[in-house]
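Trainee: I would like to go through this model with you, one feature at a time. Where should we begin?

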Amino acid sequence: MELKRCRWADPASEIYIAYHDQEWGRPEHDDRRLFEMLILEGFQAGLSWLTILKKREAFRRAFDGFDPAIVAGYGPEKLEALMADPGIVRNRRKIQAAAQNAKAFLAIQKEYGSFDRYLWGFTDGQVVLNTDDEVRASSELSDRISADLKRRGMNFVGSVIIYSFLQAVGVVNDHETGCWRHPSRQKG
């Protein structure tokens with residue numbers, strides 16, 4: 001019997017199925033993974049998530065494994081090299097934002113001890129579980145986090161991008177109630 005999944009997880013796409021089943025909606029607490037997802041969500045703006053997933057390994061190579069300390073130090077030469085890399089999305093504003101966002105990310109880490117502590121502090125460490133199968137693009141929570149990140153100097157962190165980020169890293173669990181990954185369907 002085939003597992004029932006969220007409607008967006010195209011059954012014809014192995015990469016989408018793997019992402020849905022193994023990553024999306026699982027609480028993430030590793031700062032480097034949080035940084036990676038924050039940057040990738042910004043690059044996804046105006047594109048399909050599948051495009052980003054297909055390019056993720058190239059992004060990881062191009063952005064030095066998403067080490068925020070390295071990305072924060074990118075100078076003009078590295079930014080031009082990224083603009084010439086056919087493996088990634090070559091959008092100058094998004095590439096520049098990644099370097100700027102890395103600097104803000106490091107400042108948050110310094111202030112809070114970790115980006116994880118900062119992010120999960122918005123929900124007192126609790127997952128926001130949606131149980132109504134309503135498709136959302138943003139929420140009051142993504143509005144607040146987006147505004148705070150912008151205030152701290154980040155770009156490509158609008159409320160819609162941040163809501164997608166919150167879903168991806170499991171702060172918000174938006175698995176559909178009929179999906180095998182919804183918490184009500186998990187055993188034990």
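Mentor: We begin with a definition: a residue is buried if its relative accessible area is under 20%, and exposed if it is over 50%. Keep in mind that this is a predicted model.

Trainee: How many of the 10 residues of α9 are buried?

Mentor: The helix α9 spans residues 159-168. Its buried residues are S159, I161, I162, Y163, F165, L166, Q167 and A168. The helix is therefore largely enclosed by the rest of the structure, and the buried count is 8 of the 10.

Trainee: Which elements cover the buried residues of α9?

Mentor: The cover includes both helices and a strand. The strand is β2 (172-173). The helices among them are α1, α2, α7 (115-121) and α8 (140-151).

Trainee: Which residue with a positive phi follows α9?

Mentor: The phi in question is near 80°. The residue that has it is G170.

Trainee: Which residues of the largest nonpolar core touch the most other members?

Mentor: This core holds 52 residues. Membership requires a buried residue of a listed nonpolar type, joined to others through side-chain atoms within 4.5 Å. Those that touch the most other members are F63, F115 and L119.

Trainee: Leaving aside neighbours within four places in sequence, what is F115 in contact with?

Mentor: One of its contacts is F165, which is also among the buried residues of α9. The full set of contacts beyond those neighbours is D31, L34, L38, F105, I108, Q109, L149 and F165.

Trainee: Which helix supplies the largest share of the lining of the largest pocket?

Mentor: The pocket has a volume of about 510 Å³ and is lined by 23 residues, with W8, W24, V135, R136 and Q167 nearest its centre. The lining divides into 10 nonpolar, 5 polar and 8 charged residues. Helices α1 (14-22), α2 and α9 each supply at least two of them. The largest share, 4 residues, comes from α9.

Trainee: How many cavities of 30 Å³ or more are there, and which helices each supply at least two residues of the lining of the largest?

Mentor: The count comes to 1 cavity, with about 50 Å³ of space in it. Its lining consists of L38, I39, G42, F43, K94, A97, A98, N101, N155 and F156, which divide into 6 nonpolar, 3 polar and 1 charged. So that is 1 cavity, and the helices that each supply at least two lining residues are α2 (31-44) and α6.

Trainee: How many disulfides does the structure hold?

Mentor: A disulfide needs two cysteine sulfur atoms within 2.5 Å. C6 is in no disulfide, and the nearest cysteine sulfur to its own, that of C179, is 3.8 Å away. C179 is likewise in no disulfide, its nearest cysteine sulfur being that of C6. The number of disulfides is 0.

Trainee: Are C6 and C179 buried or exposed?

Mentor: The relative accessible area of C6 is 2%, so C6 is buried. For C179 the relative accessibility is 1%, so C179 too counts as buried.

Trainee: Is P86 buried or exposed?

Mentor: P86 is found in the loop between α5 (76-83) and α6 (92-112). Its C-alpha atom is separated by 8.9 Å from that of A58, 28 residues apart along the chain. The relative accessibility of P86 is 60%, so P86 counts as exposed.

Methods:
Residues numbered from 1 in each chain as written. Predicted model: local features only at pLDDT ≥ 70, side-chain atom pairs only at ≥ 80, totals over all residues. Heavy atoms only, no water. Buried < 20%, exposed > 50% of the residue type's maximum accessible area, 1.4 Å probe, protein only. 1 Å grid on protein atoms, 1.4 Å probe; cavity = no way out; pocket = protein on both sides within 12 Å on 5 of 7 lines; lining within 4 Å. Points joined across faces, edges and corners; volume = space filled by probe spheres on them. Nonpolar A, V, L, I, M, F, W, Y, C, P; charged D, E, K, R; others polar. Contact = heavy atoms within 4.5 Å.
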